[in-house]
Structures are given as C-alpha cells and as structure tokens.
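This report walks through a two-chain model, from the overall build of each chain to its cores, its strand pairings and the contact between the chains.

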Amino acid sequence: MTDWKRICPLDDIPRLGARVVQRPGDEDIAIFRNAEDEVFALHDKCPHKGGPLSQGIVHGRKVTCPLHGWNIGLEDGHAVAPDSGHCGRFAVKVEGGEVFLAL
Amino acid sequence: MKKMKLVLVGNGMAGVRTIEELLKLAPDLYDITVFGAEPHGNYNRILLSPVLAGEMTLPEIMLNDLDWYRDNDITLHAGRQVTKIDRVKRKVIAEAADGSLTEADYDRLLLATGSTPFIPPIPGNDLPGVLGYRDIADTEAMIEAAGKYRHAVVIGAGLLGLEAANGLMLRGMDVTVVHIGEWIMERQLDRAAADMLQASLEAKGMKFLLARQTEALLPARTERGDMMARVGAVRFKDGMEIPADLVVVAAGIRPNYVLAESAGLYCGSGRVRGIHVSDTLQTVTDPRIYAVGECVAHRGIAYGLVAPLFEQGKVCANHLANFGIGRYEGSVTSTKLKVTGIDVFSAGDFGGGPGTEEIVLHDKQGGVYKRVVLKDDRIVGSVLYGDTADGSWYFQLMKDRQSVAEIRDHLMFGQNRLGDTGHKGENRAASMPDTAEVCGCNGVCKGTIVKAIKEQGLFTLDEVKKHTKAASSCGSCTGLVEQILASTVGGAYQAVSANDKPVCACTEHSHKVVREAIFKHHLTSKEAVFETLNWRTPNGCDKCRPAVNYYLISSWPHEAKDDPQSRFINERAHANIQKDGTYSVVPRMWGGLTTPSELRAIADAAEKYKVPTVKVTGGQRIDLLGIKKEDLPAIWADLNAAGMVSGHAYGKSIRTVKTCVGAEHCRFGTQLAMDMGVKLEKMLFDMYAPHKVKLAVSGCPRNCAEAGIKDVGVIGVDSGYELYVGGNGGIKTEVAQFLCKVGSDEEVMEYSGAFLQLYREEGWYLERTVHWLNRVGLDYVKSRVVEDGDNRRQLHARLLDALKDARDPWQTSREAQAIKQFIPIKVEA
C-alpha cells in the first residue's frame, strides 16, 4: 500500500516554482507546481551534472536546470531532446489544499 | 470539424520545410498529402556534393524519412509525378512510372516543383553519359561513371559545377572544368578571388578551360571508328577537342513551372519565368494555390539557394495556418563553396559601379583576399577568400543596412579579432582539422559539429547550439561555429538579422518587437504580453520569461510587478548558485571600501557558517563561497546587522564600481576617485539592467582601476573627468569608447546615469552595453545623452525615479512569505 506523507499546504509552493523535501539519509526531492496548479515530484538532481532542479525555472510541464540549462519533463523525468537522460520521479497528489507525496 | 485538405506537389526541401513550419503552428488544421517524383523521402539536396565526394552516404542526408510522414499522418506518394491540376474540381492527378494514376482533392494546394538543370541546346546533349546535376539519380549515375571511366568534363564553373568537379576528382577521375566566362564563379566572385580559388583547385589537380564555348558533344568511337551510344568528347567553337567519358552540365537552373503553366497559373514571360507569387506566397492567379521554392518568381526574382526558400516556407506556413501575419519581401543572399579545405564567401553586389567605394586587403602569398564594397557608408557587397571568419558579420551589417562610417578604419580586420579567447584565435573554419577544439567551454571539436550538422540535418545556429552545446555557454566561438555551419551546408545557411531573431521558440517575435509592444500597449504583466503577442506556450520558457519580466519592470517601474518565478535562481536567491548547489555571498563594499568592523563581521560570519572558501573578487569585493541555501537568510541577517547590504554579485544588475585610491592618497591623483565611485554606486544601488553592469573610477590617466574595460569608465584628469562606455573585460576584451568629457562630479552622475538608463530602456535582455552600442552605434547614444541636454536630464530623472524606493533584497527576502523558498521541508523516515 502506498504510504502518502503530508508535505505542506499547496500554497507554500509558489506557482511556477518548487520546494525541496529533505529526507534523512536519502536524496532530496523537488516538488513543483505549475501554472495550472498541477504538482510533480522528481529527484532534485539533474541527470546531466546533478544540478538542483528545484532551483530551476518552471514552464509548461518542464523545468530548466539552473546549472547548464537542460530541460527536464516534469511528468516523466526525462530530459527533453536532444539531451538525454532521466531522473527518478515520485507519486504526488493534492487533497484538500494539502500536498501528499508517496514515499 | 472536418479537416481541410492540403496537397503538396514536390517532396523537396522547400515544400517539406513549409509543412514542418505549418505543423508547428497548426498541427490539426489539414489532412496533408504529398506527391514526389523521386522515390525517396525528403533529403538534403545541398549535401549531394559531399555524397558525390564520398564524404557522406545517402542515408546520412535524409531529412525526413518515411517514418516521419507516418508519424505526422501525412500521406506520401513517392515516385508519382503530378501531371495535371484540375482547378475547377480542385484535384491533382499523378502518374507513376508504370502508368498508374493517383488522384487527390485539395482545399489548398502547395506547389514546390523546384527547378531543372539548364541543358544548352547543343548537338549531342542527349547522348548517354551527359547529365545534369540535380538529384540522387544524377549523383548515383556520376558515382557509377567514376568507377568505370577516366575523363570527366564539367560544363559551368559556378558553385554546383565546381562541387561536382571536386567530387568526381576525389573519386579518381581526370576532371576538366569548362567555363564560358573569363573567370570561375563570376556571379559570386571577382577576378582576384576567382584566380586564387582556381589556383588552389588546380593545386588539387582540377583542370580549367576558361572563355570556351562548347559547340558539340561528340559520341565515343570504337577502335574501328564506329560511333557508340555514349558521349566521348567535347568540341569547342575554336575547334579544340578534349576527351569526355562523362559530361556534367552545370550551366544554371531554370524554375520548373511546366505543371503550373499547364494549369493556367501565370508564370511570366521573357526573362522572368517562374510561378508568380505575391508576398504571401499565393499564386497571383489562384488564391487557393500557394507556391514556394525554386519554381517561384517573387517580385521578378527566382532564387536558387535554399536559405530564401526557407524564409518563403515560413511565411507561407503562417498563411496556410490562417494566422495571416508576415510577408515575404525578398531575400539578400550569400554564398559559400562547399569544397573541403577551401574558404570562400561572397554576398551582395560586389561589382562596384557609380557611387561605390571599395576596401581591399590582398595577401597573395598568404592566400587571403578580402574585398568589401561600400555605398553611402553601408556595405553593399563583399568577397572573401582564405579568411572568411567575418563573412557573417559583413553580411549582417549589409542586411541591417548599418552605417560603418565609425568602424571603417578597422572594418577589414574583422569583428574584434583581438582579445577573442577560448579557441586560440582560429579564424579559418574550413581548413581547421576535425580534431581542433572550437568551443573551449564545452570541449566541442570541429568534427563533432560537422557530424551533428550532417547527421541531424541542422540548418541554424540555434539548432547547432542545442545539439552540440558549442557556442552555448560564453558564446565567444559563435562566429566560428557559424562558419563551420556555413561551410558544411553552403547556401542553406543564412545568418538571421538580430533585429528579426525570435526571442525563443515560444514566439516568432524579436526582442525589438516585444520591447516596443510592452511600451506601446502599456502591458504590465507577462500574461498580457503572452496574450497580446500570441505566445505559443502557456507560460513561456527559461529564455523568454526573464526577458519579458525585465522589459516589464524596466518599462513600467513601480507599476509592473516583478515576478520572482520569472527570474533565474541567482536573482531569486540573491546569491550565486555554484556547481554543487551551494551559494556564494558577496556583501557590498561601496567603491571597494571597507572597514575593520565590516571585515570582523565577515570573518565572524565565515567562521559561524563554516564557509569553506573566502576569496577576493575582481571587482574589489569579498566572496564567501560554499554556503547552504537554508543558511542564506541567517548569514544575511548577521551581515545586515554589521551595516552591510547585498552586493548584487549574482544579478543582471549593477555589480561593482571599482576605484583606485585617487587624489585621497595617491601622489599622482587628480580627482577623488574613491569618493566619486562611492557616489556612483549609491546612485545605482539595486539597478537591474539587460545584463550585468560594471563601473570603474580612476583618479588619473594611469587608470589603475582599469576603467577602459568597464560598461562605464570614469577617468579623472586635472580639468574634470573623461567618460568611456561599452568596455568589457570578459569573453571578448573590448576597449571602452570615449563618450565625452565633463567638468564636475554632478555631471559624471548625470551623464553616466543617463547612459545607463538609455541602455536599460532600449537594450535587449542579455545584451551587454558593448553589444548594444555595436547595434545602435555610438553616434546615436551621443545624440541622446551628450548632445541633447533635455533628454539627458529626463533619462537621468527616470533612472532616479525607478530606483527611488530601492531596498536591500537581503532584507526583503527575510520577510514572511519570501523566506519560505530558502527553507527545505523535512520529512521523518
């Protein structure tokens, strides 16, 4: 059974922005919110050189890594061609204005 | 809604590019059917020369394979030639080699039937072994002949003829190029450049017969003297005969308008033949029928290079998509010869004539020739041989009709060759070995770039940047990458004028258009900009959003609201992100001055937050590197408490005002440089700009503050200050240009403030002052800032107004809502 963890109110994540979720002894997760209030969760680590995706610019359903400008699809974690690579994703949902993450 | 039917006749580069552009704009508007006479997908015709030369293979030059048509739901009828258009019933009829017929109905018809080689009417021109040079079949026939025969004759020494000759020579044939003109490529080159080119081709083994008129092509004969069914020799009007087992006729092309004319579409008469189209690429006869490419005559010109055809395709697609914006107004073209190891470039009208002047640089032994033709201080044509690195720069200046009066004395030495770093000053793209590093930032070699261009079918600088990363970091090798692109795709490459270049893929509008629209329509939010200008994406991308945000807040200060999510992370976090995701913190030190108590506070903070690296910057500040994001608000609070504020070392903003010790201490000083520097820096605090802005103030002409390489450099002299603008110490070392001399400190503030405000109001995002000055010209800036006193005072007043309630971002970022971005959310295991 999926273990949904309550993370934060949706409004704590800016539209077209992100927050970082830290887990003890594990890698950080970035939670993104786009203009349509969809939320997405990816490993906070660009497949290129490990840049923190949470710090990138969010547009459409993509985020641009702040280090070297790779674009990563928020839905599937795949780099947008011609770049290639992907980072892990996590199930995430919004219920009653609260964001939940499957860990 | 039922889709409309679009039929494309001609499965070549112009037609398919139009379809690609159309699919980008309106993917679901049409059911598309494509007819092509050749039995292939769409291939890159320009690269037939490298295929002939054995440098590439046919699969490598495919642009759209059969899967592409299927993936885009396009019906392709390859190997079927359209023989009839029924304009009343709105259908086309095509015939296959076996005589079978195919019909297709259309609502819109796009003709892209290309051109056919011109074969002069001379006896023997129908003998086997006599070929034009147009398609894959011709190329294959030439390759086959090269394997069997020895003597090849190429008639016509234009681009295509020379590339064919080069390919056949590389395949082992003995090649003679016959030309009717006095020198080769006479439509693209002047005599001096042509002679140099001919000499280097002769050194490779090519033979030339110039000023020769071909009289007849003669059949080969058996040993007994019987005629055979194959060409065997070429005879000239002067009686001379040379052996020829293969004759390639490259004496020009003619628009292929047979089909169009048979359908009653107007195709001109006399010299201007081709399917006549308007600026919307609609045929002048039937508005349902469009035409693009080499088959077209637009304003009396039929283009034979691919770059104009792409421009036509773009406009045509826009109209097919019912957007109705954009007109095709003709193209200015440039030429590159694709012969490995030889750099030739030509553009415009280099013939000279009344009212023109020319500047020539000719080093015969060194193999360099440059000729630039000017008219009314503007470039109208240029021919380059050997060193072609500046071809695209000259071409750009020519297309933009920019005055070169001010740069005339160093025009021939190219665009800031000196001080170019990162690629060893390399300037001959075609002769560079494949292993040579082109992009020093991303470690990209020439071979990698060429391979990507060929295999991925790239045509634009942006595509090359995206695929190879070359020229995508600091950009200093952009000119070189452009040259490699131009020498690889030849005529297909056309530099886009900066004035027209779209901001990014989200829009077709340029920075100029966006800036002007924001001002003209009083737009104050990104949503309004995206809606007014028909953005293709819902909320832009990482390229356009920061630009639009900057334009909004600089056009409508206090009114347009800053959008943090449209800023790069450094400007959101007010610190500089490092490769490991930590940040660097630089407190402001006005004019480079500090105090023992500030230094003590910095030292305390560095220890408290375990800062791993403390470094002095080039701009006379102290940089604390390796700070965790979550510690930023706390370290700022400590530094704020000691009286320090943000140094903006992270922003497209005022960075530093560097000073020498000046007359305060220095025995040579004439002015109080430190005092002047502090006053300037306080005036400009928190000023955002299109790019970073650096100033320096020196107290005397010894210029210890290095004011000559700053956006604004102030140099004290006994009678006042000299002001210099547009300097740059980065990628390209650029020496600042003299703006004017002023007498007082107040004037230094007013003039430099007005200069920077003009840059803030009219510069394009990510354009440094030097690039902006290159674009608009120093004369223009002088006319607004120096000569027009009222305007200067207004500019200065607008700057002061925009900055009137500037606050320290380190302070405001610690306020309730803003601080959340710095704090990670912790979850339990």
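Among contacts in chain B between residues at least 6 apart in sequence, what percentage join residues at least 24 apart? In this predicted model, the share for chain B is 62%, while in chain A residues 24 or more positions apart account for 42% of the contacts with a separation of 6 or more.

The two chains can be set side by side in a table.

| Chain | Residues | Helices and strands | Radius of gyration | C-alpha extent along principal axes | Buried residues |
|---|---|---|---|---|---|
| A | 103 residues | zero helices, 10 strands | 13 Å | about 40 × 30 × 20 Å | 43% |
| B | 829 residues | 25 helices, 39 strands | 31 Å | roughly 105 × 70 × 60 Å | 47% |

A compact globule of 103 residues would have a radius of gyration near 13 Å, so the 13 Å of chain A agrees with that expectation. For the 829 residues of chain B the corresponding value would be near 28 Å, and the 31 Å of this chain is likewise in agreement. Read from the N terminus on, the elements of chain A run β-β-β-β-β-β-β-β-β-β.

**Cores of the model**

In soluble globular proteins, nonpolar side chains tend to be buried together. Here the largest nonpolar core has 145 residues, and those with the most contacts inside it are B:Val154, B:Val247, B:Val248, B:Ile275, B:Ala291 and B:Val481. Helix α8 (residues 306-320) of chain B gives the largest share of this core, namely eight residues. If residues up to four places away in sequence are left aside, B:Val481 touches B:Val438, B:Ile449, B:Leu461, B:Val464, B:Ala470 and B:Ala471. Another core, of 64 residues, lies apart from the largest one and includes B:Ile654, B:Leu684, B:Ala705 and B:Tyr765.

Which residues of helix α20 (residues 673-683) of chain B are buried? They are B:Ala673, B:Met674, B:Met676, B:Gly677, B:Leu680, B:Glu681 and B:Met683. The cover over these buried residues of α20(B) includes the strands β34 (654-659), β35 (693-698) and β36 (712-717) of chain B, together with the helices α19 (662-665) and α21 (745-762) of chain B.

**Strand pairings in chain B**

Strands of a sheet pair through backbone hydrogen bonds, either parallel or antiparallel, and chain B offers examples of parallel pairing and of antiparallel pairing.

Strand β9 (residues 108-111) of chain B pairs in the parallel sense with strand β1 (residues 4-9) of chain B over four bridges, and with strand β21 (residues 289-291) of chain B, also in the parallel sense, over three bridges. B:Leu111 takes part in both pairings, as the bridge partner of B:Val9 and as the residue opposite B:Ala291 in β21(B). B:Ala291 is also one of the residues with the most contacts inside the largest nonpolar core. In a regular strand the side chains alternate between the two faces of the sheet. In β9(B), B:Arg108 and B:Leu110 point one way and B:Leu109 and B:Leu111 the other way, and all of these are buried.

The antiparallel case is an open sheet of three strands in the order β15-β16-β17 of chain B. Its edge strands, each pairing on one side only, are β15 (214-221) and β17 (241-243) of chain B. Direction ignored, neighbouring strands of this sheet are turned by 40 degrees against each other on average. Three bridges join strand β16 (residues 227-236) of chain B to β17(B), and B:Arg235 has B:Glu241 in β17(B) as its bridge partner.

**Where the chains meet**

How many residues does the contact take from each chain? Chain A gives 27 residues and chain B gives 21 residues. On the side of chain A that touches chain B, the elements giving two or more residues are β1 (4-9), β2 (17-23) and β5 (57-59) of chain A, with the largest share, six residues, coming from β2(A). The residues on this side divide into 14 nonpolar, eight polar and five charged.

β2(A) also pairs across the contact, joining strand β39 (residues 825-826) of chain B in the parallel sense over two bridges. In this pairing A:Gln22 stands opposite B:Lys826 in β39(B).

Definitions and conventions: Residues numbered from 1 in each chain as written. Chains lettered and ligands numbered in written order. Predicted model: local features only at pLDDT ≥ 70, side-chain atom pairs only at ≥ 80, totals over all residues. Contact = placed C-beta atoms within 7 Å. Nonpolar A, V, L, I, M, F, W, Y, C, P; charged D, E, K, R; others polar. Pairing = 2+ DSSP bridges. Buried ≥ 20, exposed ≤ 12 C-beta atoms within 10 Å, placed from the backbone. Rg over C-alpha atoms; globule rule 2.2 N^0.38 Å. Core = buried A, V, L, I, M, F, W, Y, C linked by C-beta atoms within 7 Å. Axes fitted to C-alpha atoms, helices over the stretch in contact; angles between N-to-C directions.
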